[in-house]
Amino acid sequence: MKLLYISNARLPTERAYGLQIMKTCEALAEAGVDLELVIPLRINHLAADPFAYYGIRPSFKVATLEAPDFVRSGPLGFLVSALWFSEKVRWLPAFRGADVIYSRDALVLAQYLLLGKRLVFEAHARPSFVSKIVARRALRTVVISEGLRTAYAAAGVAPERIVVAPDAVDERLFDGVPDRAAARGALGFPRDKRIVLYAGHLYPRKGAAALAEAAALVPDALFIFLGGTPEDIEAFGGKWGSRVNVRIIGHVPHEGVPVYLRAADILVLPNSGKDEDSTRFTSPMKLFEYIASGTPIVASDLPSIREVLAGDSAYLVPPDDPEALAAGIRDALADSQAARDKSVKALSLAASHTWAARARRIIAALKDKDP
């Protein structure tokens, strides 16, 4: 199978979509798909090669296509850039020779609807006007949650054309990562403190502010925030950074994240319940990295999270409630045996949520007879 993955996105990027795209391509290629990824040439302060930046083996080709970069000019600039880029892609030999055209970008795929190509749309957010049209016409729509399956089926997409493939984790992610004591020594973290860690962005829907508020209610633990854009880190640090038990690390390349996860006593996923994507549709990659770390998890009790975790594998607490979040963290810190039992149960889930397993699910759906 020759598959052309088209992404109208800046790569590499500190945002999660970059890792998700590269891991998806790597897993599909390692499963035997002849894959090429096409991306636009964009202004990028991250100069590293995408393979090196994400620690991805070069099992597929990445082609960079020159196209106008008007993304910083607002919605109209983004639209012009997307349309220009996708039009240039259709003239590539790889486009003409591909068995499957695959993308997360509905706007890109919309330009190919009348070309008779086998299109696969991977949906990561609630259906939009354009994504509904694309999903109805696509060979398959890959969704990352059951919530999205329901939403796209309600939008008129034939259920047999929808493939549920949540995000995942690399089963090799923690190979060679030291134990908790050694990880703390390597990072310069205190050995005599309980450490509560959040890895991810600092957007409101991620719930990081609720965790920062909860930190005041658990003063004997050190709360570490890992990730965020420079602008968000500055704003978040201005509000919470002066607290004695809050430490804001900022963005760390993905290959450096596992040692931080291993160094923590508790990992927190405090997603907000005020955002529909967070509540119903998301499939956070860090959730799967959390479960693969073997570290106890405290998470918001949301339908999107319950697709993976239950009360026997994590401490689930009401979202957007710092007091409830603090109570969950205190419970996890106080009862070490219960916390270990939950982390062992969570770890057992990791084998079914690898990128390799996800790729096999997608490939099997593409090889099925067209519905």
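This report describes strands, helices, a pocket and a few single residues of one protein model. The model is predicted.

**A six-strand sheet**

Six strands form an open sheet in the order β10-β9-β8-β11-β12-β13, and the pairing is parallel. Its edge strands are β10 (246–250) and β13 (315–317), each of which pairs on one side only. Neighbouring strands of this sheet are turned against each other by 20° on average, direction ignored. Strands of a sheet pair through backbone hydrogen bonds, either parallel or antiparallel.

Strand β8 covers residues 194–199, and 5 of its 6 residues are buried, so β8 is largely enclosed by the rest of the structure. In the order of the sheet, β8 stands between β9 and β11. With β9 (residues 221–226), β8 pairs in the parallel sense over 6 bridges. One of the residue pairs here joins leucine 197 to isoleucine 224 in β9. With β11 (residues 266–269), β8 also runs parallel, and 2 bridges join these strands. Here valine 196 stands opposite isoleucine 266 of β11.

Strand β11 in turn pairs with β12 (residues 297–300) in the parallel sense, over 3 bridges. Leucine 269 has alanine 299 in β12 as its bridge partner.

What lies between β8 and β9 in the β-α-β unit they make? The helix is α9 (residues 208–215), and the unit is right-handed.

**The second largest pocket**

Helix α9 also takes part in a pocket. The second largest pocket holds about 270 Å³ of space. Its lining has 17 residues, and Tyr203, Pro204, Arg205, Gly207 and Ala209 lie nearest the centre. By class, the lining consists of 9 nonpolar, 2 polar and 6 charged residues. Which helix gives the largest share of this lining? That share, 4 residues, comes from α9. Helices α9 and α10 (230–240) each supply at least two residues of the lining.

**Strands β1, β4, β5 and β6**

Further strand pairs are found earlier in the chain. Strand β4 (residues 100–103) pairs with β1 (residues 2–6) and with β5 (residues 119–123). Strand β5 pairs with β6 (residues 140–143) as well. The table sets out these pairings, with one residue pair for each.

| Strands | Sense | Bridges | One residue pair |
|---|---|---|---|
| β1 and β4 | parallel | 4 bridges | tyrosine 5 and tyrosine 102 |
| β4 and β5 | parallel | 3 bridges | isoleucine 101 and leucine 119 |
| β5 and β6 | parallel | 4 bridges | alanine 123 and valine 143 |

In a regular strand the side chains alternate between the two faces of the sheet. In β4, Val100 and Tyr102 point one way while Ile101 and Ser103 point the other way, and all are buried. In β5, Leu119, Phe121 and Ala123 point one way and Val120 and Glu122 the other way, and again all are buried. Because 5 of the 5 residues of β5 are buried, this strand is largely enclosed by the rest of the structure.

Strands β5 and β6 also belong to a right-handed β-α-β unit, with helix α6 (residues 129–137) as its helix.

**Helix α13**

Is helix α13 (residues 285–293) largely enclosed or largely open? Of its 9 residues, 9 are buried, so α13 is largely enclosed by the rest of the structure. Among the buried residues are Met285, Leu287, Phe288 and Ile291, and also the charged residues Lys286 and Glu289. Just after α13 comes glycine 294, which takes a positive phi of about 75°.

**Two single residues**

Methionine 22 lies in helix α1 (residues 16–30). Its relative accessible area is 0%, and therefore methionine 22 is buried, the limit being under 20%. Proline 50 is 28 residues away from methionine 22 in sequence, and their C-alpha atoms are 8.0 Å apart.

Glycine 156 is placed in the loop between α7 (146–154) and β7 (162–164). Why does glycine 156 count as partly exposed? Its relative accessibility is 48%, and the partly exposed class runs between the buried limit of 20% and the exposed limit of 50%. The C-alpha atoms of glycine 156 and isoleucine 133 are separated by 9.2 Å, and these residues are 23 apart along the chain.

Note on methods
Residues are numbered from 1 along each chain as its sequence is written. This is a predicted model: local features need pLDDT of at least 70, side-chain atom pairs count only at pLDDT 80 or more; totals for chains, interfaces and linings use all residues. Side-chain values use heavy atoms; hydrogens and water are left out. Buried means under 20% relative accessible area, exposed over 50%, partly exposed in between (1.4 Å probe, protein chains only). Two strands pair if DSSP finds at least two bridges between them. A crossover is right-handed if, with the strands pointing away from the viewer, the path from the first strand over the helix to the second runs clockwise. On a 1 Å grid over the protein atoms alone, a cavity is a set of points where a 1.4 Å probe fits but cannot get out, and a pocket is an open set with protein on both sides within 12 Å along at least five of seven lines; lining residues have an atom within 4 Å of a point. Grid points are joined across faces, edges and corners, and a volume is the space filled by probe spheres set on the points. Axes are lines fitted to C-alpha atoms, for helices over the stretch in contact, and angles run from 0 to 180 degrees between N-to-C directions.
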